[in-house]
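Visitor: I am new to this structure. Please pick a single part and take me through it closely.

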Amino acid sequence: MIRMWKEFSKGLWKELPPFRLMLGLCPTLAVTASANDGLGMGAAVIFVLTLSNVLISLVRKIIPQKVRIACYIAIAATLVVVVELLMQAFAYPLYQSLGIFVPLIVVNCIILGRAEAFAGKNPVHLALVDGLGIGIGYMISLTFLGSLREVLGKGTWFGHPVMWDGFEPFGFMVMAPGAFIALGLIVGAMNFLNMRMAKKKAQGALQEMDGCAACGGCAMATKSREL
Amino acid sequence: MVVSSVVTLLALGFCASLVLAVASRLLYVKEDPRIAELAEMLPGANCGGCGYAGCEAYAVAVLNDADVSPSLCVAGGREVSDAVAALSGKAAGSAEPNIAFRRCERLEGNVAPRYVYRGIGTCAAAAAVDNGPFQCSWSCLGLGDCEKACPFGALHMIGTLAVVDPETCTGCGVCVRTCPRQVLELIPKKGRVRIHCATRAKMKAVKDVCGVGCISCARCVKKCPAKALSLDSGRLELDHEACLAYGPSCGEVCTQECPRKILRAY
Amino acid sequence: MNYAALFVSAIFVNNIVLAQYLGQCPYVGCSKEKGVAFGMGTAVVFVIFMATGITWLFQTYVLNPFNLGYLQTIAFILVIAALVQFVEMFLKKVIPPLYRSLGIFLPLITTNCAVLGVAVLVQRKEYDLITSLLYALFTSLGFLLALMLMSGIRERLETVRAPRAMRGTPTALIMAGIMSLAFLAFKGMIE
Amino acid sequence: MGELVKMVVVLSVICGASGFVLSNLKEYTAPLIEMQVLTYEQKPAIERIFAEMENDPVADRRRFEIPGRDMPVTVFPIMKNGKLAAVALEGFGQGYSGDVSIMVGIDPQRDALIGISPAKMQETPGIGSRIAEPKFTDQFAGARFQDARSKADGGKIDAVSGATVSSGAVFQAVSGVLANYGAIKSDILKTWKSGD
């Protein structure tokens with residue numbers, strides 16, 4: 001039981017996908033122009049990630065090594081199409097605003113990253129909890145970044161104006177460059193927080209998550225480079 | 001609708017896997033399966049400590065080349081070299097655990113700065129500017145090239161001096177190669193005596209600049225019964241094997257003999 | 001379709017990385033050194049070009065006749081995964097030196113948002129085959145350009161004494177933001 | 001050899017199963033999606049053309065077969081005090097980046113256009129998207145059928161400067177709607193004259 005909590009909670013801070021592991025950046029930058037979109041995308045990712053983790057850990061024994069990635073992708077893609085259809089059927093405006101990034105969930109590093117690194121090697125209940133933890137972590141970070149950019153960029157939060165009326169919206173934040181810079185600042189802030197925590201716990205070397213290592217850590221570039 | 005999509009996807013899956021199956025048969029590259037297995041065992045940090053471009057390259061070398069010793073992987077230490085030896089069927093040499101060590105006490109000798117350096121923040125760049133921003137031309141520059149290079153995070157800049165953490169240091173030697181001033185040196189962990197200076201200057205030139213610099217008076221060289229100490233092109237060098245082979249009976253007489261206290265017992 | 005306009009718009013006006021946010025993971029992840037960036041960039045150009053061609057044919061001659069448009073996502077990603085795997089095996093057997101320099105990037109490309117992104121964008125813009133292939137080629141050249149610029153600058157960033165927390169990726173992201181701001185200047189230059 | 005066969009079988013089975021699941025889900029959600037698309041794309045366009053409406057045109061919509069055209073045409077009726085006041089049809093044109101769909105409002109009594117409004121388009125923002133601005137769309141309000149063409153084709157509407165491709169798409173859509181309307185005008189009047 002403790003193990004399950006550990007797997008779940010690591011997704012909420014230590015391995016927060018977009019900020020700590022630098023994974024799943026495409027939607028993080030693109031879809032967080034408004035908090036609502038961030039929330040919508042986060043929810044979609046939770047749905048796909050959790051179910052794909054569960055399904056993959058269910059079938060992990062019968063999938064031959066050679067086609068492992070192709071099968072994981074097939075399962076993840078099925079779930080993404082399911083999400084696409086459900087979103088079109090029940091939340092069409094969200095589907096319109098997320099646009100091309102709904103089908104792109106399947107190539108989101110997190111889904112395959114978790115499948116390859118975790119779900120493919122662990123029993124179902126751990127995979128479920130891990131998927132849920134990482135998914136919720138992802139949703140929180142997307143909504144947080146979305147709110148930050150929306151409040152600064154448009155002066156509204158989930159559509160309702162929140163800033164004092166003299167506020168001149170900082171249009172830059174809603175555009176492409178704003179996303180990069182906002183994310184850079186947040187990752188910097190998180191590194192800073194972790195450094196302070198590390199100093200307090202005197203853990204010594206800073207566990208700085210740097211790009212390629214994390215990217216390398218995702219689906220493909222694990223040490224054994226067969227399929 | 002249902003039938004057509006099931007058939008389409010089934011056909012797509014079938015063709016994709018068929019192409020891959022046939023391709024994996026036709027395009028099969030005869031590769032020694034042990035390479036992947038061996039690469040699995042190696043730490044995978046690609047630190048280059050074994051002298052090869054990475055773990056994969058070292059795995060290939062160990063398996064194909066007879067006289068490549070299985071215990072070159074310093075990063076892995078004892079258990080990796082045993083595993084490699086077992087897999088490659090070679091005798092596991094004893095890889096003496098080394099660690100990196102900084103031969104410079106610039107702060108202790110309160111070496112004055114030569115100029116205020118505002119340039120590019122690397123030791124390599126600073127060293128190129130009139131022999132570095134400190135009066136002593138052989139001292140540690142403190143701009144952290146070694147820290148950035150260390151694949152194991154065993155080296156940190158405390159203040160402006162590089163400090164090696166003996167526990168996490170695997171002796172891979174990357175920092176020794178990176179340091180533009182050769183201030184860092186690989187020494188056996190169990191080494192009894194260490195030299196705390198890397199200067200090649202002599203006598204007065206050292207005294208004016210640093211309180212604890214080696215003035216090459218060579219009294220320690222004469223005194224050492226194991227003849228382990230020597231002055232190699234102006235710099236004091238210690239042959240650790242000879243020193244350890246001779247054993248502690250000399251009571252580290254060189255450390256008492258040295259007037260500047262740069263030889264210290266551990 | 002005016003190809004010169006397409007060339008400028010695909011590479012500068014709406015650059016796939018800086019304006020359309022696709023392909024971020026390798027963009028931030030693998031742009032530390034120029035060599036790695038160039039290897040990744042060329043591999044992406046190669047794969048995007050072939051992937052777009054095959055997926056376009058698959059959509060036009062299989063999905064559209066049976067009006068299975070909704071299967072686009074899963075069909076495309078399966079084709080791309082199989083293609084990347086096949087290319088990796090092919091290179092390993094036929095051109096080993098090329099495999100050694102590009103090989104490690106190929107598996108990373110399957111999860112690259114840009115490859116599937118371009119394939120789907122080309123369908124949504126309803127281009128014909130020639131335009132799609134050209135669009136794929138120009139967009140991936142834009143990706144290579146952005147990657148090379150980023151890696152060139154990031155190599156210099158290594159020597160900047162940024163505050164400890166900001167070193168590495170945060171500075172790179174902020175710098176990417178400034179570069180995207182620069183590319184914003186091209187907007188409106190061409191429809 | 002067994003390994004290869006297993007490989008092929010597993011991947012094919014997974015793809016087949018996913019095909020089965022997706023197609024069933026598609027069948028279940030298809031009507032829902034159509035409804036959503038209508039309410040979020042066509043309906044706002046219709047509302048932009050007709051300020052006040054008694055009925056919900058999307059709910060009362062009816063499909064008409066056109067001889068010689070395989071695609072049935074959907075007509076959205078707009079009622080005023082119980083009688084058919086206007087109809088709206090959707091037309092498509094080839095825009096700069098993908099199809100442009102325009103909702104056209106027609107007054108059956110005076111055989112004239114009431115107005116047009118784009119329902120779905122991906123034209124380049126700032127240039128192609130200017131076809132959605134009132135400056136361009138208001139010219140269609142009240143225009144007679146033969147006038148609803150660009151000045152170059154003998155009509156009275158001048159295209160959006162700098163966005164010839166996108167304006168062409170609008171004209172193409174409008175003429176398509178008028179052609180369809182002409183073919184089924186009698187059926188439309190018959191269906192809604194009975195005042196159901």
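Guide: What follows is a close look at chain C, with its surroundings added along the way.

First, the ground rules. This is a predicted model, in which local features need pLDDT of at least 70, side-chain atom pairs count only at pLDDT 80 or more, and totals for chains, interfaces and linings use all residues. Residues are numbered from 1 along each chain as its sequence is written, while chains are lettered from A and ligands numbered from 1 in the order in which they are written. The predictor gives the complex an ipTM of 0.72 and a pTM of 0.73.

Now chain C itself. It has 9 helices and 0 strands. Helices (H or I, at least four residues) and strands (E, at least two) are DSSP runs, numbered from the N terminus. Read from that end, the elements run α-α-α-α-α-α-α-α-α. The radius of gyration of chain C is 17 Å, close to the 16 Å that the globule rule gives for 191 residues, so chain C is as compact as a globular protein of that length. That radius is taken over C-alpha atoms, and the globule rule is 2.2 Å times the number of residues to the power 0.38. Along the principal axes, the C-alpha atoms fill a box of roughly 60 × 45 × 30 Å.

Next, burial. Of the 191 residues of chain C, 55% count as buried. A residue is buried if 20 or more other C-beta atoms lie within 10 Å of its own, exposed if 12 or fewer, and partly exposed in between, with C-beta atoms placed from the backbone. Contacts come next. Two residues are in contact if their C-beta atoms, placed from the backbone, lie within 7 Å. Among the contacts in chain C with a separation of 6 or more, 77% join residues 24 or more positions apart.

Turn to the side facing chain A. Here 46 residues of chain C are in contact with 46 residues of chain A. The elements of chain C that give two or more residues to this side are helix H2 (24-29), helix H4 (72-94), helix H6 (106-110), helix H7 (113-124) and helix H9 (169-184). H9(C) gives the most, with 11 residues. By type, the residues of the side of chain C that touches chain A divide into 32 nonpolar, 12 polar and 2 charged. Ala, Val, Leu, Ile, Met, Phe, Trp, Tyr, Cys and Pro count as nonpolar, Asp, Glu, Lys and Arg as charged, and the others, Gly among them, as polar.

Look at H9(C) on its own. At 1.5 Å a residue, its 16 residues should span 22 Å, and its end C-alpha atoms are 22 Å apart, which agrees. The expected span of a helix is 1.5 Å times one less than its number of residues. Buried residues in H9(C) include Thr169(C), Pro170(C), Leu173(C), Ile174(C), Gly177(C) and Phe183(C).

H4(C) passes the span check too. Its 23 residues should cover 33 Å, and the end C-alpha atoms are 32 Å apart, which agrees. H4(C) is mostly covered, with 18 of its 23 residues buried.

Ile77(C) touches Ile73(A), Ala77(A), Val106(A), Val107(A) and Leu116(C), not counting residues up to four places away in sequence. Ile77(C) also belongs to the largest nonpolar core, which has 150 residues. Such a core is a set of buried Ala, Val, Leu, Ile, Met, Phe, Trp, Tyr and Cys residues joined through C-beta atoms within 7 Å. Those with the most contacts inside this core include Ile77(C), Leu78(C), Ala70(A), Ile73(A) and Leu11(D). Its largest share, 16 residues, comes from helix H5 (residues 68-90) of chain A.

Now step across to chain A. Leu25(A) is in helix H3 (residues 25-30) of chain A. Leu25(A) is buried, with 28 other C-beta atoms within 10 Å. Leaving out residues up to four places away in sequence, Leu25(A) touches Pro18(A), Gln24(C), Cys25(C) and Val28(C). The C-alpha atoms of Leu25(A) and Cys109(A), 84 residues apart along the chain, are separated by 8.4 Å.

Pro18(A) is in helix H2 (residues 17-21) of chain A. Pro18(A) is buried as well, with 25 other C-beta atoms within 10 Å. Met139(A) is 121 residues away along the chain, yet the two C-alpha atoms are separated by 9.9 Å.
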